Amino acid sequence: MNKRLWIMALVIGIAAAAPAYARSMTLTTELSNYSGDGAYLAIYIADQAGAYQQTLWVAGRKSKYYRHLGGWARGSNLDSSEFDGRTGASVLKGRTLSTTVEIADNLIDAGYQILIDSSVEDKRDIRNDVSVPLTQANSAKAVRGRGYIKAFSFTL
């Protein structure tokens, strides 16, 4: 009995002393006034070499179009477990998408970057429409996109 109580106390003590390993991050993506339909977006984390690490958000509900989000599609292998629960409607031109996601603390200031691939029906697909280092210093700073995205920012 003594051994059980000691192990239980140890487990409770470790759990209580454990630091937070994740934090909320708000992603804000403003689309330009391009001509065409709503945009599909894949917002994800990549390492310094650009290799896919984790999906943050996918805008666009029809998964058959996800293959047009090139870098993300290749990195995630379009495995639904990579984006289940992290999807929403496509984003219309001139509109802003704002969403809050959880991110592991160890990804911040560790050489990772946030990438966004974008696609619009009957228009060209844009890999890395946005690329921004995932650092405290870049938090709340807007960056310009190379295609359909007018501005993107994240807030830690």
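In the predicted model, Asn128 counts as partly exposed, because its relative accessibility of 27% falls in the interval between the buried and exposed classes. Asn128 is found in strand 7, and its phi is near 55°, a positive value in a residue other than glycine. A positive phi in a non-glycine residue also occurs at Asp122, where the angle is near 60°. Asp122, however, is placed in the loop between strand 6 (113-120) and strand 7 (126-133), and with a relative accessible area of 76% it is classed as exposed, because this value lies over the 50% cut-off.

Strand 7, which holds Asn128, belongs to an open sheet of 5 strands, arranged in the order 4-3-2-6-7 with mixed pairing. The edges of this sheet are formed by strand 4 (87-88) and strand 7, each of which pairs on one side only. At the edge formed by strand 4, the pairing with strand 3 (residues 52-59) is parallel and extends over 2 bridges; Ala59 has Gly88, a residue of strand 4, as its bridge partner.

Aromatic contacts were examined next. A pair of aromatic rings is described by the distance of the centres and the angle of the planes. The structure holds 7 aromatic pairs, among them that of Tyr34 and Tyr148, with 5.1 Å from centre to centre and 65° between the planes; the geometry is assigned as edge-to-face because the angle is over 60 degrees. This pair links distant parts of the chain, since Tyr34 lies in the loop between strand 1 (22-31) and strand 2 (39-46), whereas Tyr148 lies in the loop between strand 7 and strand 8 (149-155), the two residues being 114 residues apart. Both Tyr34 and Tyr148 are buried.

A further aromatic pair is formed by Tyr44 and Tyr52, for which the centre-to-centre separation is 5.9 Å and the angle between the planes is 35°; this arrangement is tilted, because the angle is neither under 30 degrees nor over 60. Tyr44 and Tyr52 are likewise both buried. In addition, one aromatic cluster is formed by Tyr40, Tyr65, Tyr66, Trp72 and Phe83.

Key:
Residues numbered from 1 in each chain as written. Predicted model: local features only at pLDDT ≥ 70, side-chain atom pairs only at ≥ 80, totals over all residues. Heavy atoms only, no water. Helix = DSSP H or I, 4+ residues; strand = E, 2+ residues; numbered from the N terminus. Buried < 20%, exposed > 50% of the residue type's maximum accessible area, 1.4 Å probe, protein only. Pairing = 2+ DSSP bridges. Phe/Tyr/Trp six-rings, centres within 6.5 Å; stacked < 30°, edge-to-face > 60°.
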